[in-house]
Amino acid sequence: MKKIYDKGKTLTGLIIFVVLVSSPTWYNLVFGKGNYVPDLKVEKNGKECVKRTSYMKKNHMELLKVWRDEVVRTGNRTYVREDGEKFEISLSGTCLKCHTNKQEFCDRCHRYVGVTPYCFGCHNIPRETRK
Amino acid sequence: MKRRDFLWIVGVSAIWGIFFPRVLASQEKNRDKRWVMLVDVSVCAKNRDCEACIKACHETHNVPNVGGSKEQIKWIWFSKFEKVFETEIPPIAQKKLGSWPVILMCNHCENPPCVKVCPTSATWKRKDGIVMMDYHRCIGCRYCMAACPYGARSFNWRDNKRYVGNVNYDFPLRNKGVVEKCNFCEERIAKGLQPKCVETCESRALKFGNLYDADSSVSKVLKERTSLVRKGYLGTNPNVFYLL
C-alpha cells in the first residue's frame, strides 16, 4: 500500500465529512426520533381499499401508473379486483373519495419520504372533501 | 443475395401490392365508430351574440381565460365565415355569408397531422376517431401546434390555473408546459352523454353522432344537406362538418 501524505489531516477531514453527511441521522437518534414515522390519518370512509394495505403502502404509485394508462390510453375506466369487485378508475373520483384527508395522509407521507409527485398539479381534490 | 432471389422478392412484392393493397390499411375495417360533429352555420347566424357553447365547454373543462393575448387557451371558439371558408365559397357568395359566425374546434381529423409529428405519442388517434391528448406524456415541444392547420391547439406558457374561474372538480386541470385542445368530450361520451357544447346549445345548431352508423341522425343529415369542411384540400379529412 502506498503511503498517504498528510495522513492526519486527510483522515480528520474524512471523518468530519462523514459525520456531517450523516448528521441528520445522528441528530434524530440522539433526540429519540430514530423510530419516527409520520402520523397518518387514514380515513377509509368505511370501505375496503382496492388492494391490500401492505401492497398499497409500497406500490400505490405503480398501481396509479397502470390506472392512468388504462384510462387515458385504452379508455378502460373500470378496474376489476381479483374477487370480482368493480371500481371506477379515478384518482379524484375513487381514491380521494375514500381517503378524504389528503393533507394528513398523502401529503404528510410524501413530505416524509421527500417525494413531490405532480399528480395533484392537475387532478383535483373532490368537492365533497375540500376544506 | 443472389440475383435470382432478388427478382423473386421484387416480383412477389409487386403482385402483393397490386392485388392486396388493402392489407396494410386493414385497421380501418375494424372500426365501427367515427364520431362526427355537425355545425349548422345558418342557425348560429340567427343568434350572433350567442356564446353559450363556448362558455359551457370552457367551464366544464377548466379552460383558463387568459384573455385575448397570444397566450390564450381555447378549446372552442368562433370566427367569421369569410375567414374560415376563404376559398371554399366564391367571393360573390361571401356577401351574404361572409359575416356569419362559425364555431370552430379541433376537427379530430381522420388523417391528423398533429399525431404524425408528436415525438412522444402524447397525442394519438383513438379507434373511434377521437384525437386524444395525454397530458402526462406531453413534453411541450409544440410540434403539434405547428402541424395543425386549424389553430386548434393552445399552449400553457405558464401556470394558468389562476385564470380558471369556477373550477369543475370533476375534471382535471393542466400544468404549465403542455398543449391542450378539444377532446370531443371523451369523458362524457364514455358515460353515454352528448358533448357539452351540443347539450348546451338551445337552438340545436350542433349535432354529434357516429357516422359509421347508417341510422344515426348525423348520417341522415349529412346525406341530405350540403356541408363544408375546413381546408379540405389539405387532405386531413376533418370530422367537424359545417352545414349550410
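Begin by selecting strand E9 (residues 227–228) and strand E10 of chain B, which are joined by two bridges and run antiparallel; helices (H or I, at least four residues) and strands (E, at least two) are DSSP runs numbered from the N terminus, and two strands are taken to pair if DSSP finds at least two bridges between them. Within this pair, Leu228(B) has Tyr242(B) in E10(B) as its bridge partner. What you have open is a predicted model, in which local features need pLDDT of at least 70 and side-chain atom pairs count only at pLDDT 80 or more, whereas totals for chains, interfaces and linings use all residues. Residues are numbered from 1 along each chain as its sequence is written, and chains are lettered from A and ligands numbered from 1 in the order in which they are written.

Next, add strand E1 (residues 35–40) of chain B, which runs parallel to strand E10 (residues 240–243) of chain B and is joined to it by four bridges. Here Met37(B) stands opposite Val240(B) of E10(B). Strands of a sheet pair through backbone hydrogen bonds, either parallel or antiparallel.

Now bring in strand E8 (206–210) of chain B, and the selection becomes an open sheet of four strands in chain B, in the order E8-E1-E10-E9, with mixed pairing. Strands E8 and E9 of chain B stand at the edges and have a single partner strand each, so one side of each is left without a neighbour in the sheet.

With the sheet still shown, select helix H10 (residues 217–224) of chain B, which lies across E1, E8, E9 and E10 of chain B and runs at about 115 degrees to E8(B). Axes here are lines fitted to C-alpha atoms, for helices over the stretch in contact, and angles run from 0 to 180 degrees between N-to-C directions; two residues are in contact if their C-beta atoms, placed from the backbone, lie within 7 Å.

Zoom in on Gly209(B), which is found in strand E8 of chain B. Is Gly209(B) buried or exposed? Gly209(B) is buried, with 22 other C-beta atoms within 10 Å; a residue is buried if 20 or more other C-beta atoms lie within 10 Å of its own, exposed if 12 or fewer, and partly exposed in between, with C-beta atoms placed from the backbone. Leaving aside neighbours within four places in sequence, Gly209(B) is in contact with Val36(B), Ser216(B), Ser217(B) and Val218(B). If you draw a C-alpha to C-alpha distance from Gly209(B) to Pro195(B), 14 residues apart in sequence, it comes to 9.8 Å.

Two loop residues of chain B are the next stops. Asn62(B) lies in the loop between helix H3 (52–60) and strand E2 (76–80) of chain B, and its phi is positive, near 55 degrees, in a residue other than glycine. Asn62(B) counts as buried, with 24 C-beta neighbours inside 10 Å. Phe184(B), in the loop between strand E7 (179–180) and helix H8 (186–189) of chain B, also has a positive phi near 55 degrees, and with 25 C-beta neighbours inside 10 Å Phe184(B) counts as buried. Most residues other than glycine have a negative phi, and most peptide bonds are trans.

Zoom out and colour each chain by domain, using bounds that come from an automatic or database domain assignment. Chain B is given domain 1 (1–29) and domain 2 (31–243), with 39 Å between their centres, taken over C-alpha atoms. Chain A is divided into domain 1 (1–36) and domain 2 (53–129), and their C-alpha centres lie 40 Å apart.

Hide chain B for a moment and look at chain A alone, with its six helices and two strands, which follow the pattern α-α-α-β-β-α-α-α along the sequence. The C-alpha trace of chain A spans about 70 × 35 × 30 Å along its principal axes, and 4% of its 131 residues count as buried.

Finally, show both chains and select where they meet: 12 residues of chain A are in contact with 11 residues of chain B. Helix H3 (53–74) and helix H6 (119–122) of chain A each supply at least two residues of the side of chain A that touches chain B, and H3(A) gives the most, with three residues.
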